[in-house]
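Reader: Hi! I'm new to reading protein structures and would love a close look at one part of this one. Could you walk me through it slowly?

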Amino acid sequence: MTDLSPPPLRNDCFALPAGVNWTPVDEALALLRDRLTPVTAAEDVAIGDALGRILAQNVVALRSNPPQANSAVDGYGFAGAVPEGAHVLPLMQGRAAAGVPYAGAVPAGTALRVLTGAALPKGVDTVILEEDVNANDGQIAFRGPLKQGANARKAGEDVVAGDVALTAGRVLTPADLALLSATGVARVHVRKPLRVAVISTGDELVDPGQPAGEGQIFDANRPMLLSMVRRFGAETIDMGRVADDRAALRAALDSAAAQADVILTSGGASAGDEDHVSALLTEAGAMQEWRIAVKPGRPLALGMWQGRPVFGLPGNPVAAMVCTLVFARPAVALLAGAGWNEPQGFLLPAAFEKRKKPGRREYLRGRIRDGKVEAFKSEGSGRISGLSWAEGLIEIEDGARQIQPGDPVRFIPFTSYGL
Ligand code: AMP
Ligand code: MG
């Protein structure tokens, strides 16, 4: 059923409300959340291949965990509870071990040797730890009190068969694979990976390793964006570099649209002479210039190319990375079927001072040392070394702020963005 591809996005899905000059970050994000829908079909995979994949539907536990009551410790089982004081119980022959149940029933007032994980035999609901017992000559001696059910796990106390164990949109973690296995689920229905094409644009770009002439710079964005997208869990298609040439860019976009579900470009997204990404999207009639009140950030060119959403990121590597984390990442997650998720941030004392005017949300490159948030020494948007130095972003709200050392600031680790 779900192997059918979902319907394509509408050409006007990135339209912004009219008359707004600078869209606040939260409004821009709300727009993405409301407009974008999953674009990937689904397939069945074995759970061994399911790590990082996105559930296409809820998964129901086929078996309870634990499937039957069992012992949590090595010890002696009997019918509880036991009052305070000294007790002696006759010991039955035999034992119950994990995977090797005791066939008979344990009569009231007698005990049986039980090992961790053993299914509790009939007549046993309570286990005393072997360390708390003296055993000899077919008897055990111990001291109460002991509550009924002590050291025993009830059937289904974790998950009951028929319950929803995991919900659609879940990005499967190692622990999820344990939960699925324990509840008897061997295969899952997951989304096919989102395919994301990455294109760098600019006459000045050459690849590292190539000779770079005067006025040329190495393409820093493409390796960064390709690896970010991979960390977001998507498949990448490296479309290489394209010169500031409309026909070449058109051909690259055509090729990307034929192979990928989403296209990320960097550079050429503003409204200048050599800004061919925005020019082509405009020509296709599906271009939206997103002027977002964010620093660092130049306008984003959002649009559709042959039915594929295009994120035209700024060329500046710092802005490209921040815009990818803040805007492209949640969009990619939605398109991939994982639903909307917000990165977890933490309020921690600042180790820096900063004065900020109202009007724009700001993201600084930051890291935590000794429980305090440090900011990179320069806010210069060309400082790639600061991206590499940083371990997360410091998010400073849209309004004015006067931050003194020790004041709480919101730090969002790169890991919260999936990096
Ligand atoms: P643009 O957005 O095309 O106007 O580019 C803005 C700035 O980012 C310019 O200084 C570009 O040279 C630089 N830039 C654009 N693309 C890249 C890239 N792939 N790697 C490094 N810098 C870039
Ligand atoms: Mg350019």
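Reader: Let's zoom in on two helices: in what kind of crossing, left-handed or right-handed, does H1 pass H6?

Author: Before anything else, keep in mind that this is a predicted model. Now to your pair: H1 goes past H6 in a right-handed crossing.

Let's put some numbers on that. Two packed helices are described by the angle between their axes and by the distance between those axes. Here, H1 covers residues 25-35 and H6 covers residues 317-336; their angle is about 20°, and their axes lie 10 Å apart. Angles under 35 degrees count as roughly parallel, so H1 is roughly parallel to H6.

Which residues actually make the contact? On the H1 side you'll find Val-25, Ala-28, Leu-29, Leu-32 and Arg-33, and they meet Val-326, Phe-327, Pro-330, Ala-331 and Leu-334 on the H6 side. Sort the residues of this contact by class and you get 9 nonpolar, no polar and 1 charged.

Stay with H1 for a moment. Its buried residues are Val-25, Ala-28, Leu-29, Leu-31 and Leu-32. Looking around the axis, they span an arc of only 155°, which means they sit on the same side of H1. What do they pack against? H6 is one partner, and the others are a set of strands: S18 (287-290), S19 (294-295), S20 (300-305), S21 (308-313) and S24 (361-369).

Now let's turn H6 into our meeting point, as helix H3 packs with H6 too. For H3 and H6 the angle is about 15°, and the axes are 10 Å apart. H3 and H6 are therefore roughly parallel to each other, and their crossing is right-handed. From H3, the contact uses Asn-221, Met-224, Leu-225 and Met-228; from H6, it uses Pro-317, Ala-320, Met-321, Thr-324 and Leu-325. Count by class and this contact has 7 nonpolar, 2 polar and no charged residues.

H3 itself runs over residues 221-231, and its buried residues are Asn-221, Arg-222, Met-224, Leu-225, Leu-226, Met-228 and Val-229. These pack against strands S13 (195-201), S16 (235-242), S17 (262-266) and S21, plus the helices H6 and H7. Did you spot S21 in that list? S21 is also among the elements that the buried residues of H1 pack against. Just after H3 comes Gly-233, with a positive phi of about 95°.

Since phi has come up, let's follow the backbone around some of the strands we've just named. Most residues other than glycine have a negative phi, and most peptide bonds are trans. Gln-306 has a phi near 45°, which is positive even though this residue isn't a glycine. You'll find Gln-306 in the loop between S20 and S21, and with a relative accessible area of 54% it is exposed. Asp-370 is another non-glycine residue with a positive phi, in this case about 55°. Asp-370 belongs to the loop between S24 and S25. Its relative accessibility is 80%, so Asp-370 counts as exposed.

Keep going a little past S25 and you meet Lys-377, in the loop between S25 (372-375) and H7 (384-389). Exposed means over 50% relative accessible area, so Lys-377 counts as exposed at 71%. Try finding Arg-365 as well: Lys-377 and Arg-365 are 12 residues apart along the chain, and 9.0 Å separates their C-alpha atoms.

What about the peptide bonds? A cis bond joins Asn-65 and Pro-66, with omega about -10°. Pro-66 is in the loop between S2 (59-60) and S3 (70-71). The bond from Gly-80 to Ala-81 is cis as well, and its omega is near -10°. Ala-81 sits in the loop between S4 (75-78) and S5 (82-96).

One last stop, for a buried residue in a strand. Leu-166 is part of S11, residues 164-166, and it is buried, with a relative accessible area of 7%. Leaving aside residues up to four places away in sequence, Leu-166 touches Leu-55, Asn-58, Val-59, Leu-172, Asp-176, Leu-179 and Leu-180. Look for Gln-57 too: 109 residues separate Leu-166 and Gln-57 along the chain, while their C-alpha atoms are separated by 8.7 Å.

Terms used: Residues are numbered from 1 along each chain as its sequence is written. Chains are lettered from A and ligands numbered from 1 in the order in which they are written. This is a predicted model: local features need pLDDT of at least 70, side-chain atom pairs count only at pLDDT 80 or more; totals for chains, interfaces and linings use all residues. Side-chain values use heavy atoms; hydrogens and water are left out. Axes are lines fitted to C-alpha atoms, for helices over the stretch in contact, and angles run from 0 to 180 degrees between N-to-C directions. Helices (H or I, at least four residues) and strands (E, at least two) are DSSP runs, numbered from the N terminus. Angles under 35 degrees count as roughly parallel, over 145 as roughly antiparallel, 65 to 115 as roughly perpendicular and the rest as oblique. A crossing is left-handed if the near helix is turned anticlockwise from the far one by less than a right angle, and right-handed if clockwise. Contact means heavy atoms within 4.5 Å. Ala, Val, Leu, Ile, Met, Phe, Trp, Tyr, Cys and Pro count as nonpolar, Asp, Glu, Lys and Arg as charged, and the others, Gly among them, as polar. Buried means under 20% relative accessible area, exposed over 50%, partly exposed in between (1.4 Å probe, protein chains only). The arc is that of the directions from the helix axis to the C-beta atoms.
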